[in-house]
Amino acid sequence: PIVEFRRECREFADEWINIQRNEFKRLGVMGDWETPYTTMAFEAEAKIAAEIGKFLMNGGLFRGSKPVLWSVVEKTALAEAEVEYMEYKSTTLYVRFPIVRSEDNALKDAAVVIWTTTPWTIPGNRGIAFSAEASYGIYEVSKISDNSSARVGERLVLADDLADAVKETAGIDAWARVSGANALNGTVCAHPLRDKGYDFNVPLFPGDFVTMEQGSGLVHIGPGHGTDDFNFAIANALEIPQSVGEDGAFYDHVPLFAGRVIYDQNGKSGDANGAVIRELIAANKLLAKSSLRHDYPHSWRSKAPLIFRNTSQWFISMGTNDLRQKALDAINQTTFYPKQGKNRLHAMIENRPDWCVSRQRAWGVPITVFIDKESGEPLRDQAVVDRIVAAFLEEGADAWFTSPPERFLNGDYDPEHYEQVRDVIDVWFDSGSTHTFVLEDRADQRWPADLYLEGSDQHRGWFHSSLLEACGTRGRAPYNAVLTHGFVMAEDGRKMSKSLGNIVAPQKITEQSGAEILRLWVVASDYSEDLKVGPEILKHQIDAYRRLRNTLRFLIGNLHGYEAATAFPVAEVPELEHWVLHRLWQLDTHVRRCCNEFDFHGLFRELYNFCTVDLSAFYFDIRKDCLYCDPVDSPSRRAAQTVLAQIFDCLTAWLAPILCFTAEEAWLARNPGENESVHLRTFPAIDEKWRNDKLGARWENIRQVRRVVLGALEVERAEKRIGSSLQAAPRVFLTQEIARSLDGADLAEIAITSNITVETSSAPANAFTLPDANGIAVLPDRADGKKCERCWKVLPEVGADPVYPDICRRCADAVRHFQEAAE
């Protein structure tokens, strides 16, 4: 029974919803997991039925007979969003259609040659299309090669641009273009299987879809087997036959081919193509046969090839209520990330046919419509719609299948006069309706959405169906912005597949390395393109994660014992700390811009560089001496800790959306408590006074000098002339301009040497320089004095303190301070 089957479907869906819910939680995705929205919830099914009712009442929903993409395996029509194009090898035919009547005498006794990649559609042929823009000629064959199906003396009508290609494929060695074909419009051909049940005429008419890319320049028209063919038939009053059943076999009334199978129940090619080819050969109408590898529509579920089949289906009109124009206008009012998404969706809406929304399935929301048996028209009565919605709200969509029609018709209409539709609605209509029961019915949400986020395939899926559904019922898009990301590929850029053994499962990454590595990979990738992932790429993310984690560990460790009440006045901190605050101001501006523009890749790159370059390799490197060696309550150490606290507050907030677990762990390490969470915070408000562009420029010069000094010391280390940079006391030669820009800076502290001498005289020839740092040269002399066993600086003063002869004065004062504090 259908209700039992639907119950099993619901249980199956519930099982996978729970699995996905747990996987999302493990990935750190936040959501209302206890009450998620699902399209199978009774409230959702009722809303979907109400939305169907809106299209019914405004005339947008109609039943028509049109060729639709049909899955033989699933025995149902498919929407564009359920179709994927895969490489497929098709048999191609060049077929003669003898001309029986034409205003051009030159065409007498000639044959029009069509080209097709679907031989099985020949029985459904009712016309031929040509291009009004192209040139056509009549070619008389004079010589053929062995095994050619052409005949010497026959005359063939072809597009001049494609004639040579046809000649080669057909094995024709020589021919002559005897005349132009100037009166194709209205010319009438015989079907190639005339006298075998196909005794009708086949007229020629111009078609704007005919191209000169391949084939013969003359397109065979099967009105039941393609959208262009159908529209062409309507425009030229051609018959639209129904020749193929839902099982992929020809109907019994089709001459010669009754019961022949196009694709079987497993999606494999049947005997129809072979049967058609044999009949064409027997009738002397097959000019040539070949094959072509091309993209062909397949079902996204079964992966089986599809057919175009003329069937009775339910559609939402793109013309009624100006739906197409409303959708196009809505696209122009939507912001797209990346911008090219707009053009892609616009082109799809501009050229798409009416939306086929009916499916011949048992699971889904039914198309809640009654049809008048006499007129064939759907019953449009809002009271009926409201009763259906009320029933679904209480019992779910199963009520449509378990209730007698009288429940909904309520005595206003005789059930005997009405047919109850049993098709279900396209699942993309379901998903396209989510904005109604997610945004409109929840107090914590608002309509329209700020953003819809999905993969680029959803331009023909969720973004597409949501746009049409909302524009058809509300006149605008259900979103203000749309963000699309690329597909996930293997690290060599190829698609993932079991056969290639290159599948990277998120669950495996999480088990082996943790969810943070996967989250870090996401933001480190440019989502506007396809995203690559693999073992080597993940190694880089693991390394990056360790660097970020070590930054937070340094902050937490050096903030031990720090209290906000003992913070150093920000206005009085040293210049280096002022520079750090200026960088925080810059980063705050960048972070907020990136978040507003969904530039997560740019956001991560700046934060990562700040942590690794500005902090770990520069600020932390310089301030380790102060933090580790100065007295605990010294002004310099308190000033550094005050700025470290600001860095910590900013970084934990900025990293929280990216490294949600790590940021939470770090925040709670300094702010324990059951009611504490980094995810309850907003980004800190940065004082505008921290901005100091002049200071920023000055420290760019200082860092440039430091870079040259470190380069010189690295050479000394490599030559084993020094071990630590503190064993050096370099002489630095600067231009006067650069020297003035560094006035007051403690270069020894900044370069982590025991001393530095700055000179503005000419540098010796053997001084170290860098090609991109003009005006800076370094002579790496060794420091004079003894090594302080506490701070490791080499200073002449070491040994001057009789109580602490192995350390410098600064360290001796610090040790005394520790002793006094302990006492």
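**Exercise 1. In which loop does Pro 448 lie?**

Solution. Start with the ground rules. Residues are numbered from 1 along each chain as its sequence is written. This is a predicted model: local features need pLDDT of at least 70, side-chain atom pairs count only at pLDDT 80 or more, totals for chains, interfaces and linings use all residues, and side-chain values use heavy atoms, with hydrogens and water left out.

Step 1. Find the neighbouring elements. Helices (H or I, at least four residues) and strands (E, at least two) are DSSP runs, numbered from the N terminus.
Step 2. Pro 448 sits in the loop between α12 (434-438) and β20 (452-455).
Step 3. Check the bond before Pro 448. The peptide bond from Trp 447 to Pro 448 is cis, with omega near 0 degrees.

**Exercise 2. Describe the backbone at Pro 338 and at Asp 109.**

Solution. Step 1. From Tyr 337 to Pro 338 the peptide bond is cis, and omega is near -10 degrees.
Step 2. Pro 338 belongs to the loop between β14 (335-337) and α7 (340-351).
Step 3. Asp 109 is not a glycine, yet its phi is positive, about 65 degrees. Its loop runs between β3 (83-101) and β4 (111-116).

**Exercise 3. Work out how α17 and α18 pack.**

Solution. Step 1. Two packed helices are described by the angle between their axes and the distance between the axes. Axes are lines fitted to C-alpha atoms, for helices over the stretch in contact, and angles run from 0 to 180 degrees between N-to-C directions.
Step 2. Helix α17 (residues 575-596) and helix α18 (residues 600-629) have axes that come within 10 Å and cross at roughly 170 degrees.
Step 3. Classify the angle. Under 35 degrees counts as roughly parallel, over 145 as roughly antiparallel, 65 to 115 as roughly perpendicular and the rest as oblique. So α17 and α18 are roughly antiparallel to each other.
Step 4. List the contact (heavy atoms within 4.5 Å). Residues of α17 including Leu 576, Trp 579 and Leu 587 meet residues of α18, among them Leu 603, Phe 610 and Ile 622.
Step 5. Sort the contact residues by class. Ala, Val, Leu, Ile, Met, Phe, Trp, Tyr, Cys and Pro count as nonpolar, Asp, Glu, Lys and Arg as charged, and the others, Gly among them, as polar. The contact of α17 with α18 has 14 nonpolar, two polar and five charged residues.

**Exercise 4. Repeat this for α18 and α21.**

Solution. Step 1. The axes of α18 and helix α21 (residues 693-718) come within 13 Å, crossing at roughly 80 degrees.
Step 2. The two helices, α18 and α21, are therefore roughly perpendicular to each other.
Step 3. From α18, Val 613, Asp 614, Ala 617, Phe 618, Asp 621 and Ile 622 take part; they meet Trp 699, Arg 703 and Arg 706 in α21.
Step 4. By class, the contact of α18 with α21 gives five nonpolar, no polar and four charged residues.
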